[in-house]
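Here are my notes on this one, jotted down while going through the model. They are in numbered points so you can reply to each.

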Amino acid sequence: MNNKILIIEDEKQIARFLELELRHEGYNVQVEYDGWGGLNAVKQKEPDLVLLDIMLPGLDGMAVCRKVRQFSEVPVIMLTAKGQTVDKVTGLDAGANDYITKPFVSEELLARIRAALRKNSSRPEKNLILGNLIMDLSKHHVIRGEDSINLTKREYDLLEYLLRNKEIILSREQILDNVWGYDYIGDTNVVDVYIRYLRSKIDDAYDTKLIHTIRGFGYTAKEQNGEG
């Protein structure tokens, strides 16, 4: 079991208790103590599930959940100390999948986490995310920050392959086989040409580069400042 769970909870004693319980169950755990930090962690770390407290400094849990739903379908379980119906309804309306009232029994929380992960595993993947670039697979649409990016079908397929294998070094031959097809007959330099096309559209206008050349090996997609 290697599911990644993000805890967004400002009460450090509760956050530590949750972290220890979840690590004991075999989950990979990250903790954030405020709303903005939690939101950034969802974007950058792409957890499999989020435990989200309602009362948070900076950006409250409801606002975090609404913003997360703009780019991700990650399961969100809201943690509330109030136990009031209005909080539960508001949380579900904001996009939460479930809620649990503090104080809670560990076994119940773990059961809810397992149920949410099982349900989510049966859903088709909707978005691929790298930094502030989002590929919406259902709409075949790509945005970076506030900018909509128009790609040809080949450019889109190439970017999708890079994002599905982010931080993995891919050779030109691997890219050719998986994007152009095993029956492609032609020069591997076509990969370099299309990498240049992609960079001109998704990297050139930004300080943080997403597509990088690994000299002598091939290419990889990852966040990194400066030249690729």
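**Notes on the predicted model**

1. Let's start with the open sheet: 4 strands in the order 6-7-8-9, with antiparallel pairing. Strand 6 and strand 9 (147-149) are the edge strands; each has a single partner strand, so one side of each has no neighbour in the sheet. On average, neighbouring strands here are turned by 20° against each other, direction ignored. Keep in mind throughout that this is a predicted model.

2. At one end of that order, strand 8 and strand 9 run antiparallel and are joined by 3 bridges. If you want a pair to click on, Arg144 stands opposite Asp147 in strand 9.

3. What lies across this sheet? Helix 6 lies across strand 6, strand 7 and strand 8. Its direction is at about 115° to strand 7.

4. Helix 6 also packs on helix 8: the two axes come within 10 Å and cross at roughly 85°. An angle from 65 to 115 degrees counts as roughly perpendicular, which means that helix 6 is roughly perpendicular to helix 8. On the helix 6 side, the contact uses Arg154, Glu155, Leu158, Leu159 and Leu162, and on the helix 8 side Tyr194, Ile195, Tyr197, Leu198, Lys201 and Ile202. By type, the residues of this contact divide into 8 nonpolar, no polar and 3 charged.

5. Helix 8 has another packing to look at, with helix 7. Those axes come within 9 Å, crossing at roughly 80°, so helix 7 is roughly perpendicular to helix 8. Arg172, Ile175, Leu176 and Trp180 of helix 7 meet Val190, Val191, Asp192 and Tyr194 of helix 8. The tally for the contact of helix 7 with helix 8 is 6 nonpolar, no polar and 2 charged.

6. Now for the nonpolar cores. The largest has 27 residues, and Met135, Leu159, Leu162, Ile175 and Val191 touch the most other members. At least two residues each come from strand 6 (127-130), strand 7 (133-136), helix 6 (153-164), helix 7 (172-180), helix 8 (189-202), strand 10 (208-214) and strand 11 (218-225). Which element gives the most to this core? That is helix 6, with 6 residues.

7. Ile175 deserves a look of its own. Leaving out residues up to four places away in sequence, Ile175 touches Leu158, Tyr161, Leu170, Trp180, Val191 and Tyr219. Apart from the largest core lies another, of 23 residues, with Leu6, Leu52, Leu56 and Leu59 among them. As background, nonpolar side chains tend to be buried together in soluble globular proteins.

8. Elsewhere in the chain, strand 4 (residues 76-80) and strand 5 run parallel, joined by 4 bridges. Leu79 has Ile100 of strand 5 as its bridge partner. Strand 5 shows an alternating pattern: Asp98 and Ile100 point to one face and are buried, whereas Tyr99 and Thr101 point to the other and are not. I'd put Asp98 on your list for a closer look, as a buried residue beside Ile100 on that face.

9. Some backbone spots to check before you set anything up. Lys102 and Pro103 are joined by a cis peptide bond, with omega about -5°. Pro103 sits in the loop between strand 5 (98-101) and helix 5 (106-121).

10. Where are the positive phi values outside glycine? One is Glu46, with phi of about 50°, in the loop between helix 2 (35-45) and strand 3 (49-53). Another is His140, with phi near 55°, in the loop between strand 7 and strand 8 (141-144). Glu46 is partly exposed at a relative accessible area of 28%, while His140 is exposed at 58%.

11. Finally, the overall picture. The chain has 8 helices and 11 strands, and its C-alpha atoms fill a box of roughly 65 × 35 × 30 Å along the principal axes. Of its 228 residues, 46% count as buried. Among contacts between residues at least 6 apart in sequence, 55% join residues at least 24 apart.

Methods: Residues numbered from 1 in each chain as written. Predicted model: local features only at pLDDT ≥ 70, side-chain atom pairs only at ≥ 80, totals over all residues. Heavy atoms only, no water. Core = buried A, V, L, I, M, F, W, Y, C linked by side-chain atoms within 4.5 Å. Buried < 20%, exposed > 50% of the residue type's maximum accessible area, 1.4 Å probe, protein only. Contact = heavy atoms within 4.5 Å. Axes fitted to C-alpha atoms, helices over the stretch in contact; angles between N-to-C directions. Parallel < 35°, antiparallel > 145°, perpendicular 65-115°, else oblique. Nonpolar A, V, L, I, M, F, W, Y, C, P; charged D, E, K, R; others polar. Pairing = 2+ DSSP bridges.
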